[in-house]
Amino acid sequence: MKYIVLIGDGMGDYPIKELDNQTILQNAKTPNMDYIAKYGITGFAKTVPEGMHPGSDVANMSIIGYDTKKYYTGRAPLEAASMGITLDKDDVAFRCNLITINNDIIKDYSAGHITTEDSKILIKEINQQLGNANIHFYPGMSYKHLMVAKNNIGADANCTPPHDIMGKDKNSHMPSGKDSGTLSDLIDRSYMVLKDHQINTDRIKSGKSPANSIWLWGQGYAPEIPHFKKLYGLSGSIISAVDLIKGIGTYAGLDVVDVPGATGYLDTNYSGKAEYAIESLQNHDVAIVHVEAPDEAGHMGSIDAKTQAIEDFDRIVVGKILEFVQNDKLNEDYTILVTPDHPTPISLNTHTSDPVPFAIYSTIIKQPDEVDSFNEKSMINGCLKTVNGDNIINIMLELNQ
């Protein structure tokens, strides 16, 4: 038996007035996810435990089968692992976004999804100007970068994700608690470094959002996570454009597969992700495919973009995978899990901890319930009801026993 996990980041939503009070999953054309729901078993998964922030880090760790209350230490350390950054015992990794600030208002958490090429130049400048023996900045992709602080600096500070405070005054949401002065000072000084940089001058002239500040959040120490194979007895691969997901895979001992053209945005290489997942099953028992685009569209607050992202995910990724397993010439049996990690409602532009719909389909065992489509309303009739997110993998494995 081979297993395929397909995660559409942020696909969940609330009913939307402009869509006749349907959710985007209800309104979108998703024949392949509907097929998996109709001929599989369905339910809701609570991927974010009570008291934890509904981040993609927590939710995806949960889906992949880890008790986040036990193993989660922070978002940034996971991204550090993906970037090949080794953390010492007293190192604290922070996510470092490049953002747009206008008159102290956080206007854009991604600086207009700045290119990796431009952002690397800006982060290099930030490191030269603000880095020291205890602080180092590392370039990542697009607006997503890292800062590593030595000697436990900032470990216990309270930091807010910038996508949660779009349109709000930065001064009311700066880091608080222990070492917050150091962190806030870095953010304020970064504005002075970046505001007149030539890259930002050029971006403003061309009508783009300037990357005129950093924002620090998501900090933590290196976690100790047992390998996926040790927990479940299966080897696996993971495919994503997002450093966070790659970092989870690295700590979990999964084969992290890079796909050319995978961007984490609406223009990502959907087809390549499906193709590389299929290829990885020749050497592994499990292939996990993560697509970020619906989440990005949710943060944008765009109904059209999120609909497009979900329909592309369904048509190109889920459709290609479903076609493969139904026409497999390798005499293998397959189980497919499809799920969001968390909702990213259009009305809020950020994540929530509401349970998400999921469906599991097996090529050899038919246990359909009363559900015939993949969305938040239909899953109310799912036979699995509501389960903890970190139990989905076990449900998937036990289905074929």
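## Packing of helix 5 and helix 10

In this predicted model, helix 5 spans residues 75-82 and helix 10 spans residues 243-251. The axes of these two helices lie 7 Å apart, and the packing angle is about 80°. An angle of 65 to 115 degrees counts as roughly perpendicular, and helix 5 and helix 10 are therefore roughly perpendicular to each other.

Which residues of the two helices meet? Helix 5 contributes R75, P77, L78, E79, A81 and S82. On the side of helix 10, the residues in contact are D243, L244, K246, G247, I248, T250 and Y251. Sorted by class, this contact has 6 nonpolar, 3 polar and 4 charged residues.

## The open sheet

An open sheet is formed by 8 strands, and its pairing is mixed. Strands of a sheet pair through backbone hydrogen bonds, either parallel or antiparallel. The order of the strands across the sheet is 9-8-10-1-11-12-2-13. At the edges are strand 9 (255-257) and strand 13 (386-388), each of which pairs on one side only. On average, and with direction ignored, neighbouring strands of this sheet are turned by 25° against each other.

One pairing within the sheet joins strand 8 (residues 236-239) to strand 10 (residues 286-291). These two strands run in the parallel sense and share 4 bridges. To which residue of strand 10 is I239 bridged? The bridge partner of I239 is V289.

## A helix across the sheet

Helix 11, made of residues 270-280, lies across strand 8, strand 9 and strand 10. Helix 11 runs at about 170° to strand 10. Two of the strands that helix 11 lies across, strand 8 and strand 10, are the parallel pair described above.

## The cavity

How many cavities of 30 Å³ or more does a search of the whole structure find? The search finds 1 such cavity. The largest cavity has a volume of about 100 Å³.

The lining of the largest cavity consists of 14 residues. Nearest its centre lie R75, Y143, H163, E292 and D295. One of these residues, R75, also belongs to the part of helix 5 that meets helix 10. The elements that give two or more residues to the lining are strand 3 (92-102) and helix 12 (293-300). Helix 12 gives the most, with 3 residues. By class, the lining has 3 nonpolar, 5 polar and 6 charged residues.

Terms used. Residues are numbered from 1 along each chain as its sequence is written. This is a predicted model: local features need pLDDT of at least 70, side-chain atom pairs count only at pLDDT 80 or more; totals for chains, interfaces and linings use all residues. Side-chain values use heavy atoms; hydrogens and water are left out. On a 1 Å grid over the protein atoms alone, a cavity is a set of points where a 1.4 Å probe fits but cannot get out, and a pocket is an open set with protein on both sides within 12 Å along at least five of seven lines; lining residues have an atom within 4 Å of a point. Grid points are joined across faces, edges and corners, and a volume is the space filled by probe spheres set on the points. Ala, Val, Leu, Ile, Met, Phe, Trp, Tyr, Cys and Pro count as nonpolar, Asp, Glu, Lys and Arg as charged, and the others, Gly among them, as polar. Axes are lines fitted to C-alpha atoms, for helices over the stretch in contact, and angles run from 0 to 180 degrees between N-to-C directions. Angles under 35 degrees count as roughly parallel, over 145 as roughly antiparallel, 65 to 115 as roughly perpendicular and the rest as oblique. Contact means heavy atoms within 4.5 Å. Two strands pair if DSSP finds at least two bridges between them.
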